[in-house]
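Visitor: I should like to go through this structure by question and answer. Please give the reasoning first and the value or name last.

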Amino acid sequence: MPSSYDQASRNDLLELVEDLTRQVELFESQKHDAEILLDTVVEQSTLLEHELQLAERHVRELNGVLEERVRLRTAELEAANRNLARESAERKLAQEKSLALTQQVLEQRSLTIERTYEAVHNGPLQELAVLLRTDIGSFSEPQLRSQLQKINTDLRGIYQSMRGAVNNHAEALYLEGGLTLDLSLDLPELLLQTFEHTLERDFPGFKAILFQITPEFYPLAATTLSLGQKRGLCLFLQEALCNVGKHALGATRLDVVCKHHQGSYYLGIIDNGQGLSADASMGSDQQGTHQAERLAETLSGCFQRRPNLPQGVRCELVWPG
Amino acid sequence: MDLAKNTSRQCFLVVDDHEAVLHGTVPALQKAYPWADIFTAKDYVSAMETMEQVQPELMVVDLSIPQRAGDIATPEVGLRLVQQLLTSQLAPNIAVLSTDINPLVRLKSIIKGYEGGFAAMDKSLPLQEMLNYIDFAMRGSVYLPQTVKARPEFHPKWLELLQLRFHEGLTDKAVAKRMGTSDRTIRNYWVRIQDALLIGDEPDKDVKVQIEIAARKIGLIH
């Protein structure tokens, strides 16, 4: 069966060739497709690579921008921080200043109240005290009117002088009746003016005084006192003289003695009137005593009011110097 | 009690920088005190020099004078001159003329205890009145025009004199010694006490006894 075999195998072969041919064709087409695909892939990859490069560049750029932004922002924050610190320091300073100012205003205020009260106490209140101690009925209407007018003028004077003191800051002492003393003057001169001015007041205790002794204040010329202490001494003298004027009824003699002896200063106001009564030493006159004691304290000295022999009152201040 | 007449020859020194004032004051003074030699000075420096030379009994001082010839005249210079005089050994009687005598009132206590007589007056006073006050100073009194006082004022030194005389019975000489001052000062203190007590000179009365009576009456001495 070779022929048949041959025949058969030839057919098979043909078939095989055909098959192979088809396969080759298929391969060819597939190859073509693959080549096209490859081209596309290459093309795409090139494109991608390009895009990647672009993207990388973009990222780098963005990075740079970002870094720049961070740098700027950091600088901004640092500046803001510095500003904040400065502002906070300034605010603290302002706060301290305002606190100090408040303190000053408060001190000034209490000083003003004190000064005002001193002026009221050593001025119109003394006049009122005299009026109240006297039988009002014994005054004629014109007398009463003139007394009241005096008090009225004094009170207005205090207001004027307080306003003056606020305006020019001058250290001044206001005495009733419109006399303003410049505390930068020498102490003896200030005391002499206070003395002369006060003795001119219309007080019952002054009426019977037959003579007065020229006060010698110059032993105090060498003192180095603050303006406040000078003010205090003038007020002390004024107050003591007012007390003589109000209480020392029947006094015929008034001595103001001033000495510098063995390292201490002495200022005494001595009368020979009716002397210390319960009424004179209590109640109505706490302010005067309080003033004198406070003055003695600032001078590291002492104040006392005691009976004078054979009669009258000694009002004395002693301080070291 | 005109002490001036007892002395043979006296020197006066008038200090004023105005020629016209000198021409008015000097002849008037000369007429009132014919026995006096009157010198003049126009500034502080020459006033001090002349004072040393002639040792005047009386100095008439205008407060407004220059320090030296040619300087500007100010009251401070005259005030300085007066303060010099008040502490000088010479202790002349002083008459001060000024438009403002307030600075002198401050020296009141020193003036009242001053050895010599003292009078301060307004420059614009008529000549005759001025001469009256100068006479006041010449007799050892103190005259300081002030607002009128309701009561007399005594210097502590005068009281000391009264004490020593009427409590301890000392003579004037002894009092002067005790008080460390001159006879003339004591004499002048008596005059001032007399003035303050408003005791006039009466031929039949002893001034010191009158002073004692008046002083006891008002409680100056007990």
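Guide: A charge sits over a ring if NZ of Lys or CZ of Arg is within 6 Å of the ring centre and within 35 degrees of the ring normal. The model discussed here is predicted.

Visitor: How far from the centre of the ring of Tyr44(B) does the charged end of Arg80(B) sit?

Guide: For an arginine the atom considered is CZ, and the limit is 6 Å from the ring centre. The charged end of Arg80(B) is placed over the ring of Tyr44(B), and its distance from the centre is 5.0 Å.

Visitor: Which residue lies over the face of Tyr266(A)?

Guide: For a lysine the atom considered is NZ. Over the face of Tyr266(A), at 5.0 Å from the ring centre, lies Lys259(A).

Visitor: Why is the pair of Phe211(A) and Phe154(B) classed as it is?

Guide: The search of the whole structure finds 11 aromatic pairs over all chains. In the pair of Phe211(A) and Phe154(B), the ring centres are 5.5 Å apart and the planes meet at 85°. This pair crosses between chains, from strand S3 (residues 211–213) of chain A to strand S7 (residues 153–154) of chain B. Planes over 60 degrees apart give one class, so the 85° of this pair makes it edge-to-face.

Visitor: Is Phe211(A) buried or exposed, and which residue completes the aromatic cluster with Phe211(A) and Phe154(B)?

Guide: Phe211(A) has 0% relative accessibility and counts as buried. Phe154(B) is likewise buried, its relative accessible area being 0%. The cluster that contains Phe211(A) and Phe154(B) also includes Trp158(B).

Visitor: What is the angle between the ring planes of Tyr133(B) and Tyr143(B), and how many residues apart in sequence are the parts that the pair ties together?

Guide: The rings of Tyr133(B) and Tyr143(B) are stacked, with 4.1 Å from centre to centre and 10° between the planes. Tyr133(B) belongs to helix H6 (residues 127–138) of chain B and Tyr143(B) to strand S6 (residues 142–143) of chain B, so the pair ties together parts whose separation in sequence is 10 residues.

Visitor: Which residue is the bridge partner of Ala119(B) in S6(B)?

Guide: Six strands of chain B form an open sheet with parallel pairing, in the order S2-S1-S3-S4-S5-S6. Its edge strands, each paired on one side only, are S2 (36–41) and S6 of chain B. Strand S5 (residues 118–122) of chain B runs parallel to S6(B) and is joined to it by 2 bridges. In S6(B), Ala119(B) has as its bridge partner Tyr143(B).

Visitor: Which residue in the turn of the hairpin of S1(A) and S2(A) has a positive phi?

Guide: Strand S1 (residues 172–175) of chain A runs antiparallel to strand S2 (residues 179–182) of chain A, and 4 bridges join them. Leu175(A) has Leu179(A) as its bridge partner in S2(A). The hairpin has 3 residues between its strands, and the turn residue with a positive phi, of about 85°, is Gly177(A).

Visitor: Which element gives the most to the lining of the second largest cavity?

Guide: The count comes to 2 cavities of 30 Å³ or more, and the second largest has a volume of about 30 Å³. Its lining includes Tyr174(A), Leu175(A) and Glu176(A), and divides into 4 nonpolar, 3 polar and 2 charged residues. Helix H1 (2–122), S1 and helix H6 (227–247) of chain A each supply at least two lining residues. The greatest contribution, 3 residues, comes from H1(A).

How values were computed
Residues numbered from 1 in each chain as written. Chains lettered and ligands numbered in written order. Predicted model: local features only at pLDDT ≥ 70, side-chain atom pairs only at ≥ 80, totals over all residues. Heavy atoms only, no water. Pairing = 2+ DSSP bridges. 1 Å grid on protein atoms, 1.4 Å probe; cavity = no way out; pocket = protein on both sides within 12 Å on 5 of 7 lines; lining within 4 Å. Points joined across faces, edges and corners; volume = space filled by probe spheres on them. Nonpolar A, V, L, I, M, F, W, Y, C, P; charged D, E, K, R; others polar. Phe/Tyr/Trp six-rings, centres within 6.5 Å; stacked < 30°, edge-to-face > 60°. Buried < 20%, exposed > 50% of the residue type's maximum accessible area, 1.4 Å probe, protein only.
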